[in-house]
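User: I've got this model open and would like to talk through it. Can you take my questions one at a time?

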Amino acid sequence: MPQFFSNKRLIVLLVSIIVLVAMIGFSMKDREELTWPEQFLNDVVGTSQSLLYKPAHSVAGFFENIADMKDMYSENETLKSKLAQYATVSQDVQKLKNENDSLKNKLEKPADLTDYKVRDARIIGRSPDRWNQSVSINLGSRDGITTEMAVVSPEGLIGRIDKVSMFHSTVKLMNDNGKNNNISAIVEGKERIFGTIEGYDQKKQALVFSKLPSKTALAKGQKVITSGLGEGFPRGVLIGTVDQVVEDESDDTQIAYVKPAAGFYNLDHVMVLDRRMQPVDVNQFKAVEEVAK
Amino acid sequence: MSKFILPLVTYLAFIIEGTVIQTVTPEHYGYSYILIPHFSFVFIVLMACYLPPRVSLIYALIFGLLTDLMYTDLIGIYMFSTALVAYLITVLSRYMFSNFLIAVVLSAGGVAGLEFLVYGLNTLVGVAHGSIQAFMYDRLIGTLILNMVFTILLYYPFMKLLRKTMNENG
């Protein structure tokens with residue numbers, strides 16, 4: 001039996017465990033900003049990642065396209081039939097938009113919860129370690145990105161900005177296990193139900209929407225959107241649809257499992273939503289809603 | 001010149017883990033298996049087998065820290081785990097003949113050790129939940145196979161590079 005640790009080595013091991021605990025403690029508290037060495041390293045690695053990710057993604061995409069080709073005919077047929085409806089729908093949307101704008105002007109409410117600017121970003125890398133679900137994008141503090149901004153793919157919400165350095169930033173995806181991954185959300189229906197999405201269930205592959213009052217009727221297929229209260233998220237971004245509703249036995253509430261609308265893999269182009277306004281005072285907002293009713 | 005090639009190759013392997021491999025993971029095709037590439041770590045294990053212990057320890061600390069900073073929220077977990085496993089590999093390799101088979105076995109053992117350490121530490125701080133069975137079936141086995149294949153494919157080219165650096169350093 002070889003001796004792995006002499007006395008001196010044992011002391012080194014103990015000291016490094018202490019250092020480990022200290023470093024975890026340092027990084028566990030909520031930090032608004034990264035220190036400059038971290039930012040610098042993020043930028044260096046990010047630059048090399050962006051050189052490699054795009055060609056690799058296009059090669060992988062090319063083979064996927066070939067695989068998709070056999071479905072093309074049927075897809076084309078459905079798209080054609082959808083296109084016929086598109087013209088009427090877009091006209092309706094325009095009409096509603098105009099109406100909405102004029103009503104807003106009457107209310108003298110220049111900015112509201114749904115207002116945001118869109119910034120296009122490109123994925124340049126992904127955390128290979130699946131305990132942490134995050135991707136890096138090619139926009140940083142130089143482009144006006146700050147933490148807590150919402151990040152969406154064309155299908156729906158995918159996550160939030162977590163770390164920002166000068167030229168790159170890291171997006172924490174919604175299926176991350178981390179503790180502070182809460183999203184304030186609304187279940188759309190006859191009546192709106194406010195609540196908080198608290199994390200992701202890996203086994204069910206669904207977001208956990210807990211603490212819903214048990215008397216409210218929830219049905220499978222109802223849409224869940226962001227509420228825009230607090231945080232950096234605008235209102236009305238699609239999160240997913242209700243998949244399953246379970247009674248919480250411990251207290252008198254329900255848990256809804258929400259199937260995310262967007263996929264967390266196969267990402268390429270994403271958008272960062274920048275809210276133009278400061279976070280709103282919730283009470284004031286609720287008062288405005290009461291008046292609107 | 002070849003002084004810079006070794007760090008560069010390891011860095012390239014580190015970048016490939018987060019980019020090229022991530023465009024073709026099993027999740028893209030709807031499988032629930034998780035394959036974690038530990039390519040830079042495999043190189044560090046090979047260094048631990050053949051170079052002086054100090055070298056692999058320094059590489060392990062640097063690339064562990066880089067993984068922590070780039071991909072995780074908590075700094076220190078990968079740094080500690082990679083360094084510890086790299087050290088254990090250097091001690092182990094002192095008692096064994098260094099050949100192809102032993103290197104493959106050691107790298108597989110190293111990857112398994114690293115995965116277990118990271119899983120354990122992440123469970124301790126509450127980042128990882130889930131049973132050890134799920135961890136072993138969905139994650140560990142596939143990861144071991146992926147990294148063993150990588151070791152087998154790149155053992156001879158990487159050895160050539162190591163020999164070159166060894167000769168140049170005297």
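**Strand pairing, helix packing and the chain contact**

User: Which residue in β11(A) does A:Gln244 stand opposite?

Analyst: Keep in mind that this is a predicted model. A:Gln244 belongs to the stretch 238-248, which is strand β10 of chain A. Its counterpart in β11(A) is A:Tyr257.

User: Over how many bridges do β10 and β11 of chain A pair?

Analyst: Strand β10 covers residues 238-248 and strand β11 covers residues 253-260, both in chain A. They pair in the antiparallel sense, and the count of bridges is 8.

User: What do those strands build, and in which order do the strands run?

Analyst: Pairing in this sheet is antiparallel, and 6 strands of chain A make a closed barrel. Neighbours in the sheet are turned against each other by 45° on average, direction ignored. The order in the barrel is β6-β7-β8-β11-β10-β9.

User: Which element of chain A has the lowest mean pLDDT?

Analyst: Chain A as a whole has a mean pLDDT of 83, with 89% of its residues at 70 or more. At the top among its elements sits strand β2 (residues 134-137), with a mean of 93. Where pLDDT is low, predicted coordinates shouldn't be read in detail. The lowest mean, 57, goes to residues 282-292, helix α4 of chain A.

User: Over in chain B, is α3 roughly parallel or roughly antiparallel to α4?

Analyst: The axes of α3(B) and α4(B) are 7 Å apart, at an angle of about 160°. Angles over 145 degrees count as roughly antiparallel. So α3(B) is, relative to α4(B), roughly antiparallel.

User: How many charged residues are in that contact of α3(B) with α4(B)?

Analyst: Contributors from α3(B) include B:Leu57, B:Phe63 and B:Asp68, while B:Tyr78 and B:Ala86 are among those from α4(B). By class there are 12 nonpolar and 6 polar residues, which leaves the charged count at 1.

User: What about α2(B) and α5(B): how does the one lie to the other?

Analyst: Helix α2 of chain B spans residues 39-50, and its axis comes within 9 Å of that of α5(B), crossing at roughly 125°. The crossing is right-handed, and B:Phe41 and B:Leu46 of α2(B) are among the residues that meet α5(B). With that angle, α2(B) is therefore to α5(B) oblique.

User: Last one: on the side of chain B that touches chain A, how many residues are nonpolar?

Analyst: The contact takes 34 residues from chain A and 36 from chain B. On chain B, the elements giving two or more residues are α1, α3, α4 and α5. That side has 12 polar and 3 charged residues, and its nonpolar count is 21.

Technical notes:
Residues numbered from 1 in each chain as written. Chains lettered and ligands numbered in written order. Predicted model: local features only at pLDDT ≥ 70, side-chain atom pairs only at ≥ 80, totals over all residues. Contact = placed C-beta atoms within 7 Å. Helix = DSSP H or I, 4+ residues; strand = E, 2+ residues; numbered from the N terminus. Nonpolar A, V, L, I, M, F, W, Y, C, P; charged D, E, K, R; others polar. Axes fitted to C-alpha atoms, helices over the stretch in contact; angles between N-to-C directions. Parallel < 35°, antiparallel > 145°, perpendicular 65-115°, else oblique. Left-handed = near helix turned anticlockwise from the far one by under 90°. Pairing = 2+ DSSP bridges. pLDDT = per-residue confidence, 0-100.
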